Every structure is written in C-alpha cells, then in structure tokens.
Amino acid sequence: MSKPAARVIDLPCEHTSALVALLESVGFDVDVTTDPVASDANVRVWFLNMELPDIDLAGLIKTASQDGTAEIILMADEDDAPQVRQAIAQGATYFFCKPFDVDFLQPLLADVFEEARQTVVLDEDQDIEPLDQFGELRGSSAKMRKLYRLLRKVAPTDTSVLLLGESGTGKELVARTLHQMSDVAQGPFMAMNCAAIPEELFESELFGHEKGSFSGAERRHAGFFERAQGGTLFFDELAEMPIELQAKLLRVLEVGAYRRVGGEADLQSNVRIIGATNRDPERAIADNLLREDLYYRIARFPIQLPALREREGDVAGLTQFFIDAHNEKNSQSITLSAAALEQLEQHSWPGNVRELRSAVEQAYILADGEILPEHLPKNDALAGSGDLKISVGESIDEAQRKLILATLEANGDDKQAAADMLGMSLRTLYNRLNEYEEDGASGNPEDETG
Ligand SMILES: Nc1ncnc2c1ncn2[C@@H]1O[C@H](COP(=O)(O)OP(=O)(O)OP(=O)(O)O)[C@@H](O)[C@H]1O
Ligand SMILES: [Mg+2]
C-alpha cells in the first residue's frame with residue numbers, strides 16, 4: 001500500500017503552501033487541486049476551501065466521506081456559520097479559518113497519519129489487541145478514533161453538542177466523557193432523561209419551583225438548570241421533550257436566564273448543554289416532535305456515533321474487554337472460543353454495544369471455562385425466546401406489566417427497541433416503568449448522577 005495522502009481543494013496561495021508544508025512534514029503525500037476527481041481510499045485528509053467560486057460543497061463532502069474514516073476539514077476566510085453547520089451535518093469534521101492554527105493542526109494531522117499507517121499493520125494481525133480507551137469509551141476502529149479526535153476538539157469549548165446515534169452506541173458515555181474532558185469537569189454532570197419525566201412535572205424539574213407555587217409544592221425545589229450550574233446538563237432523548245417546553249428551553253438557552261416556577265427572580269444559567277437522541281433529527285422535525293430552532297441551537301456541533309457494525313475490529317475487542325471485566329470481578333479465567341468469536345463477528349448488532357454487552361454477559365454465565373457458540377443468545381430468538389406465564393384471573397394491567405418487563409429484558413434493556421417491539425412510544429414505556437417503580441420501592445425515576 002502506498003503512503004497515506006492528503007488532498008487540498010484550493011487555489012494555491014501563501015496559506016495553501018504553508019498547509020502543504022505542514023502536511024508533508026507529518027508524512028503525507030499531498031496534492032493541491034481545484035478540481036477534485038473521484039474519491040481515493042488513500043486520501044485520509046481532505047481540506048476544502050468553502051469560498052472557491054462554484055464549489056459544490058455537498059457533492060465534495062459526499063465524495064470525501066465515502067469510506068467514512070477520512071477527515072474532512074473545511075477552510076474559509078471567515079466564519080460562515082449556517083453554511084458550516086450544514087457542511088458539518090453532511091459529514092465534514094472540522095472547520096478552520098485561515099490562517100491555520102498550526103499548534104492544533106499539527107498533532108491532529110500527525111495522529112491521522114499514524115493511524116493510517118497502523119491500519120495497514122493491524123489488518124495482518126490476528127490477535128485481539130487491547131482496545132484504545134478515550135475517557136469512558138473503548139474501541140480502536142478507525143471510526144472510533146475519528147470520534148476521539150472530534151471529542152478532543154470540542155470538549156474544552158463551551159459549544160453545545162448534539163449526539164446522534166442508534167440505541168446502544170454509547171451516547172450517554174460520550175456525554176460523560178465530554179464532561180470529564182471539559183473545562184467544567186469539576187462541576188456537576190446532570191443527566192435529564194426527557195422521556196422519563198411526566199409531562200406535568202417537566203417545567204418544575206427543569207427550572208425548579210418556589211414553595212407554594214402549585215398544590216403539592218411544599219418546599220422550594222432546585223431544578224436541573226440550578227443543580228447543573230457550573231457543570232454540564234445532558235438532555236437525553238431530547239426529541240421526547242414536550243414540544244411547548246422545547247420553546248421555553250430555547251428561550252432560556254438564548255437569554256441565559258430562567259425563573260423557578262412561581263418565582264420572581266431571574267437566575268443566571270451557566271451550564272454546558274449536551275443533547276442526545278436516537279431519532280433521525282430531520283424526521284423528528286418533520287414529525288413535529290422536535291422544534292427546528294431548538295435543534296439548531298443545541299446542534300451547534302452534531303456528532304454522529306458509529307453503529308457497532310461499522311466499527312471494524314471492535315466487536316472482538318469489546319467482547320474481550322467485557323470478558324476480562326467479568327473474569328476480574330469473579331476471579332475466573334474464562335476464555336472465548338474462535339467459533340464463538342466468529343459468530344459474534346457475523347451478527348449485525350442492531351442493539352449495538354449494549355446488545356453485545358448483554359450477549360457476552362449471558363454467555364459468560366452459561367460457559368464452563370470457555371465460551372462456545374451454544375452459550376451465545378440465538379440472534380433471531382433474542383427477541384422472542386422468553387415465554388410469558390399469564391394465568392386466567394390475572395388483571396390486564398398485571399399481564400401488561402409482565403409483557404413490558406420481559407420485552408425489555410429480551411432487548412437487553414434497550415428501551416427504544418422494546419418500545420418498538422411493543423408498539424408503544426418511548427414516552428409511554430417510560431410512563432409505565434415509572435408507575436411500576438412507584439408501585440414497588442420508593443424509587444426516584446430521575447436519572448441523575450454526579
Ligand atoms: N465505546 C464503548 N465502550 C465501552 N462500552 C460502551 C461503549 N459504547 C457503549 N458502551 C456500553 O453500552 C451500553 C449502552 O451505552 P449508552 O447507554 O451510552 O448508549 P446510548 O447510545 O445512550 O443508548 P440509548 O439510545 O438506548 O439510550 C452501556 O452499558 C455502555 O457502557
Ligand atoms: Mg442513552
């Protein structure tokens with residue numbers, strides 16, 4: 001294989017020659033052109049000048065992102081927010097104004113170059129390598145390394161970030177990792193699960209309330225904004241937030257101040273915002289689930305998390321990682337057979353890392369020294385393997401409860417997949433789970449952690 005290459009789409013000028021020199025010093029083969037042709041697997045970094053006349057940016061990004069792992073870097077003479085936002089949504093990774101910040105670009109490019117070289121070596125290696133780790137995330141695939149680079153860039157800024165990705169791809173872990181690597185890491189991390197909060201409590205949960213502001217408000221209550229002050233506020237399942245509240249939230253984000261329910265004083269909000277959804281935002285907007293203006297406000301920096309099936313090599317690495325963790329916890333030394341590994345590699349993992357983790361957990365329990373294919377959950381049966389015992393005389397509520405809990409378990413606790421299978425909305429599922437929790441212990445349905 002030949003040397004990793006970089007392609008610069010620009011009119012040659014002093015900035016271009018400085019950039020070419022930098023790329024060459026890192027090791028890349030560089031070509032500068034105003035007329036980009038086909039995509040080329042060897043090209044690991046694309047620099048696109050957004051200001052070239054007649055440039056078809058969308059088409060270029062499509063070409064450049066064809067193999068999904070190249071870095072697409074936009075250059076412009078000045079900050080052009082709407083266009084940049086759109087390009088980033090289409091797959092560009094970074095945006096820089098000329099002249100370039102060499103201190104930032106140099107290590108980034110060196111990293112990309114090193115990775116491109118290693119990929120060649122790794123392909124020939126049969127052993128399961130220990131996984132790269134970034135914050136709480138694990139994975140060594142090119143897609144994950146690209147994600148790490150992105151997180152490294154965005155973490156120390158105060159830009160709001162929207163995490164997009166299928167269920168189980170690690171959105172919550174990424175949110176925590178962003179917080180840990182941010183300038184507000186010493187502050188609190190508050191996660192608000194927008195699907196889990198009953199609609200009538202939303203406003204007071206978000207902004208807090210004063211004593212006596214509504215019947216039942218016996219004490220002053222600090223909302224998420226107040227408790228996350230000086231830290232990060234993570235809106236999980238953002239598209240499940242009631243739409244009228246989205247308007248209120250947007251106002252607070254724009255103005256930077258809010259009031260407790262029943263309160264008079266304006267409180268300043270100083271929080272870093274991260275959102276997440278496993279819906280396609282365009283569709284959620286079209287379906288009137290997500291306000292477009294709120295989307296644009298939070299998605300200043302949209303990050304698409306790769307599905308597990310796109311992360312070559314990571315199924316093996318993560319499997320070994322989960323087995324190691326169980327071994328350590330149980331002081332055992334269970335191993336993985338080649339046949340079981342092959343079966344895991346064949347699966348398409350619609351439930352992503354969460355599904356893999358629960359498959360490994362199940363196999364680990366069944367295995368006797370070595371995990372064999374028969375210990376793995378049957379893929380197609382994963383959903384329907386559990387029979388449900390319902391007896392005559394039981395209430396419909398009780399039967400529903402059993403069905404919901406069993407479906408959830410069969411889906412490895414993936415609530416979206418369970419809701420889809422049950423034919424109910426995610427919000428309804430959460431409402432039911434809240435009820436069950438209240439019936440049971442005096443559990444707190446909020447998902448919050450510090
Ligand atoms: N890169 C990763 N490395 C290690 N563990 C991971 C990774 N990604 C996900 N996991 C594990 O998979 C599970 C699901 O992750 P997480 O809850 O962050 O997913 P999610 O994208 O928020 O899913 P959902 O949309 O269903 O809420 C967690 O147990 C998490 O620890
Ligand atoms: Mg989640």
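Begin by selecting strand E4, residues 71-76, together with E5: in this predicted model, four bridges join the two strands, which run parallel. Within that pair, pick Leu74 and look across to E5, where its bridge partner is Phe95.

Next, widen the selection to the whole sheet, which is open and consists of five strands in the order E2-E1-E3-E4-E5, with parallel pairing. At its edges lie strand E2 (29-33) and strand E5 (94-97), each of which pairs on one side only, and from one strand to the next the twist averages 20°.

Now add the helices that lie across these strands. Helix H1, residues 14-26, lies across strand E1 (5-9), E2, strand E3 (43-49) and E4, and runs at about 160° to E2; helix H5, residues 142-154, lies across E4 and E5, and runs at about 45° to E5.

Then colour the chain by its domain assignment, which gives domain 1 (5-123), domain 2 (142-304), domain 3 (308-375) and domain 4 (388-450). Select domain 2 and domain 4, whose centres, taken over C-alpha atoms, are separated by 25 Å; their contact takes 22 residues from domain 2 and 11 residues from domain 4.

What is buried between domain 2 and domain 4? The area is about 1,400 Å², of which carbon and sulfur atoms give 37%. The interface of these two domains holds six residue pairs in polar contact, both residues being at pLDDT 80 or more, while the count of salt bridges between them is zero. To see the side of domain 2 that touches domain 4, select helix H6 (171-180), strand E9 (189-193), helix H7 (202-207) and helix H8 (224-227), each of which supplies at least two residues; the largest share, five residues, comes from E9.

Methods
Residues are numbered from 1 along each chain as its sequence is written. Chains are lettered from A and ligands numbered from 1 in the order in which they are written. This is a predicted model: local features need pLDDT of at least 70, side-chain atom pairs count only at pLDDT 80 or more; totals for chains, interfaces and linings use all residues. Side-chain values use heavy atoms; hydrogens and water are left out. Two strands pair if DSSP finds at least two bridges between them. Axes are lines fitted to C-alpha atoms, for helices over the stretch in contact, and angles run from 0 to 180 degrees between N-to-C directions. Contact means heavy atoms within 4.5 Å. Domain bounds come from an automatic or database domain assignment. Buried area is the accessible area (1.4 Å probe) that two parts lose on being put together, summed over both. A salt bridge is a side-chain nitrogen of Lys or Arg within 4 Å of a carboxyl oxygen of Asp or Glu. A polar contact is a pair of N or O atoms within 3.5 Å; within protein, one must be able to donate a hydrogen and the other to accept it, and residues adjacent in sequence count only if both atoms are side-chain atoms.
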